[in-house]
Amino acid sequence: MAGGSSPPAGGVRAAHQGGILEGANPSHYDSKNPIILFIIQAGIIIVFCRLLQYPLSKIRQPTVIAEIIGGILLGPSVLGRIPGFSDAIFPQESLPILSLAANLGLVLFLFLVGLEVDLRLLMKNWKISLSVGAAGMALPFGLGCAVAYGLYHEFREDTGLVPISFGTYMLFVGVAMAIT
């Protein structure tokens, strides 16, 4: 082996890598190495949203609109209806990792937004901020409670429903409307 000689026949070889050149499918989910499929998924999502953002920017829409439309199109509503698309690109076993990355990205984004908040401006206008925030939650909560009254009395007698008190139902619908 010394002096640049080649290894003897039947010598030590590199371990099987399982790459494209060896015939492996990179979009196949492997629980021991999930990063390959994650990079493919993230690449598809990013490129798809950027391609959508270009025409939407011509009509002065922000990037977030392209990302929302991209999520709808890539999800089960549109492209997910193509047979085999979701199983090939977004298999069920890979979704927890993709969801984790999305949630981490959301937390980091909200952290950066929080860093940009000017607390002096907020403290200077705290009365206006408080009144707008309270009205922005009280009005949808009240409307949600009003809608809950009609929905509860319309559908409470349907078969197969678990009995629930009106107060609990009203609180649920009111809070759901207030936080969204």
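How many salt bridges does the structure hold? I looked this up first and found two.

**Entry: ground rules**

I am working with a predicted model, where local features need pLDDT of at least 70, side-chain atom pairs count only at pLDDT 80 or more, and totals for chains, interfaces and linings use all residues. Residues are numbered from 1 along each chain as its sequence is written, and side-chain values use heavy atoms, with hydrogens and water left out.

**Entry: the salt bridges**

My criterion for a salt bridge is a side-chain nitrogen of Lys or Arg within 4 Å of a carboxyl oxygen of Asp or Glu. As background, side chains of opposite charge can pair when their charged atoms come close.

One pair is R120 with D118, whose side chains meet at 3.7 Å, N to O. The other is R156 with E157, at 3.6 Å, N to O.

I then looked up accessibility for the four partners. I call a residue buried under 20% relative accessible area, exposed over 50% and partly exposed in between, using a 1.4 Å probe and protein chains only. R120 is exposed because its relative accessibility is 68%, whereas D118, at 38%, is partly exposed. In the other pair, R156 comes out as partly exposed at 44%, and E157 as exposed at 65%.

**Entry: helix 6, helix 7 and the loop between them**

Helices here are DSSP runs of H or I with at least four residues, numbered from the N terminus. Helix 6 covers 126–155 and helix 7 covers 166–179.

How far apart are the axes of helix 6 and helix 7, and at what angle do the two pack? I found the axes 7 Å apart and an angle of about 140 degrees. That angle makes helix 6 oblique to helix 7. For the record, axes are lines fitted to C-alpha atoms, for helices over the stretch in contact, and angles run from 0 to 180 degrees between N-to-C directions. Angles under 35 degrees count as roughly parallel, over 145 as roughly antiparallel, 65 to 115 as roughly perpendicular, and the rest as oblique.

The crossing of helix 6 and helix 7 is right-handed. By my convention, a crossing is right-handed if the near helix is turned clockwise from the far one by less than a right angle, and left-handed if anticlockwise.

For contacts I ask for heavy atoms within 4.5 Å. Helix 6 brings residues including M137, F141, Y149 and Y152 to this interface, and helix 7 meets them with residues including F166, Y169, M170 and A178.

S165 sits in the loop between these two helices. I marked S165 as partly exposed, because its relative accessibility is 42%. Its side chain makes a polar contact with the side chain of T168 at 2.9 Å. Such a contact is a pair of N or O atoms within 3.5 Å; within protein, one must be able to donate a hydrogen and the other to accept it, and residues adjacent in sequence count only if both atoms are side-chain atoms. I also checked S165 against Y152: they are 13 residues apart along the chain, and their C-alpha atoms are separated by 9.4 Å.

**Entry: the loop before helix 4**

Is S94 buried or exposed? S94 is buried, since its relative accessible area is 3%. I found it in the loop between helix 3 (85–89) and helix 4 (95–115). The side chain of S94 makes a polar contact with that of Q41 at 2.8 Å. Not counting residues up to four places away in sequence, S94 touches Y29, L37 and Q41.

E93 lies in this loop too, but E93 is partly exposed, with a relative accessible area of 49%. E93 and P34 are 59 residues apart in sequence, and I read 9.7 Å between their C-alpha atoms.

**Entry: helix 1 against helix 4**

Q41 turned up again here: F38, Q41 and I45 in helix 1 meet I97, L98 and A101 in helix 4. The two helices pack at an angle of about 55 degrees, with axes 10 Å apart. That makes helix 1 oblique to helix 4. Helix 1 passes helix 4 in a right-handed crossing.

**Entry: a positive phi**

Most residues other than glycine have a negative phi. R60 has a positive one, near 60 degrees. R60 lies in the loop between helix 1 (35–58) and helix 2 (63–74), and R60 counts as exposed because its relative accessibility is 75%.
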